[in-house]
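Student: I would like to learn how to read the features of a model like this one. Could we go through them one at a time?

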Amino acid sequence: MTLRRQTRLLSLVLASLTTLAEASDDLTQRFKNIGFHLGSLTEFVGEIQVDDKGTTETFSVNPALGFSLDIELNEDWALIPELHWVLPREAGPGVSKNLFMLRTDFAWRGADLWRLRAGTSLMVNNMRGEGGTRTLNNGSSTSDFYVPAESRTSVNNTLDFGGELLLDSFALRTQLFIYSPLKSERRQYSYLLVATYYYDLGN
């Protein structure tokens, strides 16, 4: 390879690296806030029976922790990737439940004090059994039930809508999750109540 060709190739490589660095810097400048979230999840509203009278659950306390990143698209719109972890809880005798929510929202800021959000989530649900047997009431007597010693994970996709009240560096939000939105016979609803602290990245 001649010196002239080597010089041309080197110039092309340097130009490509410069373009990549400029694009990366532009993307970094769009990172506006890191959000730290504390909330409570209510799952499957109206589907879970809570007493012998047939009353179903409309609110429950299932603590959740999370964080997010606000990526500015323009003055009114932002893309918000988000991760929530619902703390482990009992899903039955000897069975624990662990839920991770991998989320992305498009957020529209309609005014200084509020914004609306729409997006989707992957709900990664892990169920783990301790093994052994559990003695439970069975009418007027008791019975022994086997608890499998295994772990199973399921993944569901949801359609999400939210409304957020913005108070300087803090926010309050309600987020609705719709399971099977296109199948009315399988459709279910959950919601998350969230308090957030936003750390300004200064961009």
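Student: In which loop does L113 lie?

Tutor: Some ground rules come before the case. This is a predicted model, in which local features need pLDDT of at least 70 and side-chain atom pairs count only at pLDDT 80 or more, while totals for chains, interfaces and linings use all residues. Residues are numbered from 1 along each chain as its sequence is written, and side-chain values use heavy atoms, with hydrogens and water left out. Helices (H or I, at least four residues) and strands (E, at least two) are DSSP runs, numbered from the N terminus. In this model, L113 lies in the loop between β4 and β5 (114-129).

Student: Is L113 buried or exposed?

Tutor: Buried means under 20% relative accessible area, exposed over 50%, and partly exposed in between, with a 1.4 Å probe and protein chains only. L113 counts as exposed because its relative accessibility is 51%.

Student: Which residues does L113 touch?

Tutor: A contact means heavy atoms within 4.5 Å. Not counting residues up to four places away in sequence, L113 touches E164, L165 and L166. The C-alpha atoms of L113 and L167 are separated by 6.5 Å, although their positions lie 54 residues apart along the chain as a sequence separation.

Student: How many helices and strands does the protein chain have, and in what order do they run?

Tutor: The count is one helix and ten strands. Read from the N terminus, the order is α-β-β-β-β-β-β-β-β-β-β.

Student: What share of the contacts joins residues at least 24 apart?

Tutor: Take the contacts between residues at least 6 apart in sequence; 54% of them join residues at least 24 apart. G162 gives one case: its C-alpha is 4.8 Å from that of R117, with the two residues 45 apart in sequence. G162 is in strand β8, and it counts as buried because its relative accessibility is 12%. Beyond four places in sequence, G162 touches R115, L116, R117, T174 and Q175.

Student: What does the largest nonpolar core consist of?

Tutor: In soluble globular proteins, nonpolar side chains tend to be buried together. A nonpolar core is a set of buried Ala, Val, Leu, Ile, Met, Phe, Trp, Tyr and Cys residues joined through side-chain atoms within 4.5 Å. Here the largest one has eleven residues: L41, F44, A64, V86, L99, M101, M123, F177, Y179, L192 and V194. At least two residues of this core come from each of β4 (95-111), β9 (170-179) and β10 (188-200). For one member, A64, the contacts outside its neighbours within four places are H37, L38, G39, W85, V86 and L192.

Student: How much of the protein chain is buried?

Tutor: Buried residues make up 30% of the 203 residues.

Student: Which residues lie nearest the centre of the largest pocket?

Tutor: On a 1 Å grid over the protein atoms alone, a pocket is an open set of points where a 1.4 Å probe fits, with protein on both sides within 12 Å along at least five of seven lines; lining residues have an atom within 4 Å of a point. The largest pocket has 22 lining residues, and K32, N33, D70, R109 and R115 lie nearest its centre. About 420 Å³ of space lies in this pocket, a volume being the space filled by probe spheres set on the points, which are joined across faces, edges and corners. The largest share of the lining, three residues, comes from β4.

Student: What is the environment of N33?

Tutor: N33 is found in strand β1. N33 counts as buried because its relative accessibility is 19%. Its contacts, leaving out residues up to four places away, are S68, L69, D70, Y198, Y199, D200 and L201.

Student: Where is D168, and what is its phi?

Tutor: D168 is found in the loop between β8 and β9. Its phi is near 55 degrees, a positive value in a residue other than glycine. D168 is exposed, with a relative accessible area of 83%. S180, in the loop between β9 and β10, also has a positive phi, near 50 degrees, and is partly exposed at 22%.
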